[in-house]
Amino acid sequence: MVQDNLTAQTENRNGVLVVHVSGPLGFDSYYRFKELMDPLMEAPGVRIVLDAENLGYVNSKGFVLLARYQRTAGQQGSFFGIAALSSRLVKEVALLGLDRLVKTYATVEEAVAAAESGR
């Protein structure tokens, strides 16, 4: 069983909120992560980059939540980008068939640049 030791820190980069997460996004941490992100996602025109470089594990429910955040951001004229996912997690996104729904960026810098330009 994956232990709940997901941590998150936020940083403002020129109006783009970068959320650095570390640890697993699984059953035990899902609701805590959702409680952090939901209010952030509700702000109109928000630009958020999720720095997933230190995200060690994501269960299918977590991936669906991330896809929902991207869809919601697109509908609201906001931005939600997922940056620096490990190659293993990128493969899991594809295996779940979410690669058509989840836009990822190789680096945080790339995602921040996309958020700043509105892409």
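A nonpolar core is a set of buried Ala, Val, Leu, Ile, Met, Phe, Trp, Tyr and Cys residues joined through side-chain atoms within 4.5 Å. Buried, in turn, denotes under 20% relative accessible area, exposed over 50%, and partly exposed in between (1.4 Å probe, protein chains only). The model toured here is predicted, with local features needing pLDDT of at least 70 and side-chain atom pairs counting only at pLDDT 80 or more, while totals for chains, interfaces and linings use all residues. Residues are numbered from 1 along each chain as its sequence is written, and side-chain values use heavy atoms, with hydrogens and water left out.

**The whole chain**

Begin with the protein chain in cartoon representation. Its secondary structure comes to four helices and five strands; helices (H or I, at least four residues) and strands (E, at least two) are DSSP runs, numbered from the N terminus. Along the sequence, the elements follow the pattern β-β-α-β-α-β-α-β-α. The radius of gyration is 13 Å, close to the 14 Å that the globule rule gives for 119 residues, so the protein chain is as compact as a globular protein of that length. That radius is taken over C-alpha atoms, and the globule rule is 2.2 Å times the number of residues to the power 0.38.

Reduced to its C-alpha trace, the protein chain spans about 40 × 25 × 25 Å along its principal axes. Of the 119 residues, 43% are buried. A surface display would show about 6400 Å² exposed, with carbon and sulfur atoms supplying 52% of it; accessible areas come from the Shrake-Rupley method with a 1.4 Å probe, and for residues only the protein chains shown count as cover. Among contacts (heavy atoms within 4.5 Å) between residues at least 6 apart in sequence, 68% join residues at least 24 apart.

**The sheet**

Next, select the strands. They form an open sheet of five strands in the order β1-β2-β3-β4-β5, with mixed pairing; two strands pair if DSSP finds at least two bridges between them. The edge strands are β1 and β5 (104–105), each of which pairs on one side only.

Select residues 7–13 (β1) and 16–25 (β2): these strands pair in the antiparallel sense over seven bridges. They form a hairpin with two residues between them, and Asn14 in the turn has a positive phi of about 55°. Two positions help to fix the register: Glu11 stands opposite Val18 in β2, and Ala8 has Val21 as its bridge partner in β2.

Moving inward, β2 and β3 pair in the parallel sense over eight bridges. Here Ser22 has Asn54 in β3 as its bridge partner, and Gly23 stands opposite Leu55 in β3. Eight of the ten residues of β2 are buried, so this strand is largely enclosed by the rest of the structure.

Then show β3 with β4, which run parallel and are joined by five bridges. Asp51 has Ala83 as its bridge partner in β4. Colour β4 by face: Phe79, Gly81 and Ala83 on one side and Phe80 and Ile82 on the other are all buried.

**The helices and the cores**

Add α1 (30–42), which lies across β1, β2, β3 and β4 and runs at about 170° to β2. Then add α2 (60–76), which lies across β2, β3 and β4 at about 140° to β4. For both angles, axes are lines fitted to C-alpha atoms, for helices over the stretch in contact, and angles run from 0 to 180 degrees between N-to-C directions.

With side chains displayed, select Phe33, Ile48, Leu55, Leu66, Tyr69 and Phe80, which touch the most other members of the largest nonpolar core, a set of 28 residues. The elements giving two or more residues to this core are β2, α1, β3 (47–58), α2, β4 (79–83) and α3 (87–95). Its largest share, six residues, comes from α2. Centre on Leu66: leaving aside neighbours within four places in sequence, Leu66 is in contact with Phe33, Leu50, Phe80 and Ile82. Apart from this core lies another, of eleven residues, among them Val49, Ala83, Val108 and Val112.

**A last stop at Val58**

Finally, select Val58 in strand β3. This residue is buried, with a relative accessible area of 2%. Not counting residues up to four places away in sequence, Val58 touches Leu25, Phe63, Leu89 and Glu92. A distance label between the C-alpha atoms of Val58 and Glu92, 34 residues apart along the chain, should read 8.9 Å.
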